Amino acid sequence: MSSSGSFVLPLILGLPILGAIFVMCTPKTETALHRGIGMTVMVITFLVSLILVPNSHSPFFRPDVPGFQALFDIEWIPGLGAHFKVGVDGISVFLVLLTTFLMPLTLLGTGRAIDKHVREFIAAMLVLETGMLGAFVALDLFLFYVSWEVMLIPMYLLIGIWGGQRRLYASIKFVIYTMVGSLLMLVAIFYVYVQAGSVLGGYTTDLERVLTVALPHHAQVWCFAAFALAFAIKVPLFPLHTWLPDAHVEAPTAGSVILAGVLLKFGIYGFLRYAMPLFPHGAAVWAPVISVLAVIGIIYGAFVAFAQDDVKKLVAYSSVSHLGFCALGVFALTSYGISGSIFAMLSHGLTTGGLFLGIGVLYERRHTRRLAEYGGIWKQMPVFSGLFLIVVMGSAGLPALSGFVGEFLTILGTFIAGDTLPQGYGFPMPRLLGALAATGVVLGAIYLLWMFQKVFFGKLDKAKNGRLKDLDGRELGTFIPLVIGIFLLGLFPQPLLVVMKPAVDKFTQDFKTRVAECDGPAHTFGTGKCDANTKAEAEVQKTLDSLARGAAGVQKTIGGAAAGNAGSPGGAGDAGSARPTP
Amino acid sequence: MDAANLQLGPLPILAWIPLLPLLGALINLVAGRWLPKWLVSTVAILSVGLAFVLAAYLVFGPLFQEFQAGRGGIGITQTIYTWIEVGSFKAQLALRLDTLSAVMILIVTFVGMLIHIYSTGYMAHDPRYKTFFGYLNLFTGSMLILVLAANMPVMFIGWEGVGLCSFLLIGFWFENEAFASAGRKAFVVNRIGDFAFLLGMFLLFWATKDIGVAKDASLDFAALKNPAVGAAYTNGFWGGERLAAAAGILLFIGACGKSAQLPLFVWLPDAMAGPTPVSALIHAATMVTAGVYMVCRLSFLYAASTTALIVISTVGLLTALAAAFMAFAQTDLKKVLAYSTVSQLGFMFVAAGTANWTAAIFHLGTHAFFKACLFLGAGSVMHSLEHEGSTTPGDIMTMGGLRRRLPLTHITFLISCLAIAGIVPFAGFFSKDEILGGAFAVHPPGWPVWYGKLLWGGLLLGALGTAFYMWRLYFLVFAGESRSDAAKKAHESPLAMTVPLIILAFFATFVGLIGLPHIEHPELPGFFHALAHWLDPSVTHEWYATGLPGVQAIAGSESDGTTFLLMGVALLVGIAGITGAWLFYGRGPSKTVNQLVEGPLAGVYEASKHKLWFDEVYDVILVRPFKVVARGLFEIADRFVIDTVAVNGAAFVIGIFGRVSRWFQNGNVQRYLVGVVVGGALVFFMTDCHHKPTFTYKKVGNQLQLHAEPGSGIEGSGAKIYWDLDGDGQKDRDAAGNLIEKRDVTVTGDTGPITMWVEDPVTHKEVKVTQKIDSNAGAAEAQGAK
């Protein structure tokens, strides 16, 4: 058994799960203790994760390194070739930090809203944290798949146990939907595993080793589709999004925050880390579909969000719109688009997390999420309203707040993608897609301000709203870090972008070399042989070949007709004559 | 001392200009609830006041030195930090003070400060006094970022920031749902413009990203202005037009949103829902002029596309005329002023569209003074009427005779009315005359020769309208007899409100003198051309047109005679408008007007009153369809097609399978037994009927290859096979005398019928199969009996 590397990531992964076990060992009635343990563990995990904050002198994460850092690698299941291999790069490090940052805030925001099965709730949250972090840092297909499934279960429980009235429907829909995607992904993982095993001369699920294998074109197309389905459901891309509003509406506040804040990011992250590097040809083939769906999602999500009467549903659909930007940015394949996409994910985590926490604040006081039940809240809760406005504006992409940078860069990246696309990569009409995506800027303002006006402006004419109390200390404690984060990301995006840069550049560079790899049976990257020199010529050659085949086929038919049925298998009459007597 | 390195505390000195008001906003918004009112207003006024002092120092100190050294257009650029850098996109958080932004910051801080002071009186009794000052400060800070920005992304921070403040301040009294909606409308319409603005930015970045000088400072105005970059603007882009046309028009659409031009002007009249100081500051003096400023800031881009310019000047002219027309029938004091603002902004855009940048900025400046003065005067009037219990303080039909009751307000309002009507020597006369003269003289390459004259004629009509509706307003408010009790009892506003009025009126009177037209005789001292001289280095003076011989200057010049003639015509038009207004409204609302309005001019009157039904049309073609589409997408596409049919439909189909199989799996033993029996019968049926033992044969050359297929009725692998190959009815034996038990047998030569026996290994029952061999079959494969 060999192991190597730094213990930061195993520590971050281990703390929550140990906390979960510990909390389950405490007496069932000690709810204060459970909350205390949960909070402590999450805060400690966050503090430990701060070790990963990029710093040019840091032994753990240096901003100028393009590859994976803070690596930890230990053989896990030797028979399978599965490793417990974890590491972070500029793409995942902030997602990890976002997760560890949001978890304690979510728990703080939940407060006493969860009063049933508190112990189990805390344990579920902690297991969820480990699962999510595991999926972000995994560098092994098997470990990734396990983490991916691990985080599904606690989320299922969060919705199904602590959710609203239709919680069973929503939770089952959530699980089945996600499972359908991930099962196909599993099949594709098997295929990759077997192919890579034969090329590498030994079975392994180590991502970096698997990545050295180029799969045949058609296999990539299918495998990418399988992975993409899993990730597209998670994003969620139109039209695979309908689980999301249901899940959000029924989930408790904590579930919604984590679902929107972290879980949705796995879709985009999966594309970046797995689907696109493993199957560049597949990505090239599917990119038009995904980019168009992403743009549809941006516009469609915004329209549908506007039609909602339920605040939570409105925000849920806004996620469809916002994550559309992220998907588009990734598939535009420019450093602007990809950096913007990662940035937009971080911002979305803060802003949408904040929106759901805000809705939680209202729901706890009024027990309704219907827009029509509110109005004039600003008068009663000025502090909350002001903070919520900042979150809303952050979400609407106001410059100098976090949402702008991501939106700006993804649209920019899409708009000018035309210059840098690799040959054979399908990305139709980048300028048009960029312009259409930019309408999301207008649409976002429409539905968000509509919601804001309905809740906070207008007359305070419902008697129940007249008794609402403004935020208390605990709630301020959840909102202020978020708002500060929204400001910091918006005003100082550069420190983050600098760290993403090497990883993003590496990603685009690798992708471009990979997508240029010639087709052929599974082989090691860089050893593919093309008949023609370039891919374009290969395409031309392919076309010529098919033409030649077609011509030959025609000749054959003519020849066959002229010479009688000499070589063809016997017809029905021939067979009939050989029929024996019974 | 190098101006670019000036620091104040930890930051570059320029940064403090927007930062001071922003800090004021931070203090008042966060801590305001614990501060006494006087401290809140002191913080607010002081922060803007200090910004003004700092701005004045920088403009008249370091920048003036630069200007004298011939570097007024380069100015002072200070970078605070790198905001966004990805790939070749590098946006610095950088500010630039050049002669153009200098004019703007002086206006913004000075007028802003006066309006802050005024607000202490106007908003004195508002319960959200502190929030108001916080917002006002936030606005001032954002506006200063907008004008000081050294590049487009930073400008966009201010651009959207002022939009946010506009939203908040229009909806300041949000308990009125209509006011809140007005704020939202403003933001959304602005966002529509911003959408185009973003695309314009992207297009410019795309065009310039690979050019050396623009590399380290993406979308930096100075870099974009560089001739090396400028070549990119003349590249063909779309439909035979230059890139500059596409980018310029997109950016101009952004300006249309911010500066309330057709067809995006609809938010501004509604924006009057905000407190009056807000209307004065944001919706007259500063924010709405941002579009004009932006176009002038990008003069080098627009000089490269006369197509973009013709769009700008046409939109400007149409807006000037349409808004003037709409102002005729309004009866709300602030609404008249709002349409007037839209119209005056149209004038500025005609100036910008005729490449007459200096005139655009000149009119922007004079307008800031006289329109702010008008709005604040209106505020003073409404404030006093409200104080006397009027429930409709803005209705000019209930006013009249206020000249005696509000003497200071009256005199300042009168001055501003003279200014806006273009009466010499008030400020508006000179700035409007510059615009008219410029339009008359301009000959952009590619324009029809008469187009400048058309613009000039159109603007004259607009000026006539302006003089008329403004003086209608004046007469209805101040002249004649009071038409309501409140108007009879009204009294002058407090000093905090009147002093700013006086200061603004002073400037509305004299500020025009810095932009007198250029005439050869008599030659005027430099002071009278100070503005044009000052702005010269910051704007472009040549058409950027490839294919033109040499450099062609933008400005056309006219002889002294023409200049004086044009001035005379403009003045006459102003006087004519005033006279017309006096004839109809000199003594309050007259019967003649009523008769006209109810009689022959009813249609026109309605059209004006309903602002040409823009809102109604937008409601029908945009707002309602939007709502219907949104609801339709949700109910039909999302709920029904995707969720019910596709998602739950798939679940339903699977559910049916589940239900069917559940029928079997219900724990009822009898039913299981039925299953066992039926299943067993099926097995027997299938094994007995479907796969009888047989063999196949194949003729290869002279040989016959036989292959036994024992069939499924018998345990196949264990079955024994015997052959009769010679047709004797006996099981054949091989050379060694053993029975042939192989499954594959080859026979040579022609044979008769062949028989095969299959013996069940368990029951030892034998099945016999005989086939005749068809010798003609050739290579055909024969199948046994089914």
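I will talk through chain A as a whole, then a pair of helices in chain B, and then a single residue of that chain.

Please keep in mind throughout that what we are looking at is a predicted model.

Let me begin with chain A, which holds 23 helices and 5 strands. Of its 582 residues, 62% count as buried, and the accessible surface of the chain comes to about 20300 Å², with 67% of that belonging to carbon and sulfur atoms. If we take the contacts in chain A between residues at least 6 apart in sequence, 80% of them join residues at least 24 apart.

Turning now to chain B, I would like you to find helix H17, residues 357–387, and helix H20, residues 427–441, which pack at an angle of about 155 degrees with their axes 9 Å apart. Because angles over 145 degrees count that way, H17(B) is roughly antiparallel to H20(B), and the crossing of the two is left-handed. On the side of H17(B) the contact includes Phe362(B), His363(B) and Phe370(B), while H20(B) contributes, among others, Phe430(B), Lys432(B) and Glu434(B). The residues of this contact divide into 6 nonpolar, 4 polar and 2 charged.

Finally, let us look at Leu144(B), which lies in helix H4 of chain B, residues 129–148. Is this leucine, Leu144(B), buried or exposed? Leu144(B) counts as buried, because its relative accessibility is 0%. Leaving aside residues up to four places away in sequence, Leu144(B) touches Ile17(B), Pro18(B), Pro21(B), Ile105(B), Val108(B) and Thr109(B). Leu29(B), by comparison, is 115 residues away along the chain, and its C-alpha atom is separated from that of Leu144(B) by 19 Å.

Technical notes:
Residues numbered from 1 in each chain as written. Chains lettered and ligands numbered in written order. Predicted model: local features only at pLDDT ≥ 70, side-chain atom pairs only at ≥ 80, totals over all residues. Heavy atoms only, no water. Helix = DSSP H or I, 4+ residues; strand = E, 2+ residues; numbered from the N terminus. Buried < 20%, exposed > 50% of the residue type's maximum accessible area, 1.4 Å probe, protein only. Contact = heavy atoms within 4.5 Å. Areas by Shrake-Rupley, 256 points an atom, 1.4 Å probe, with all protein chains shown as cover. Axes fitted to C-alpha atoms, helices over the stretch in contact; angles between N-to-C directions. Parallel < 35°, antiparallel > 145°, perpendicular 65-115°, else oblique. Left-handed = near helix turned anticlockwise from the far one by under 90°. Nonpolar A, V, L, I, M, F, W, Y, C, P; charged D, E, K, R; others polar.
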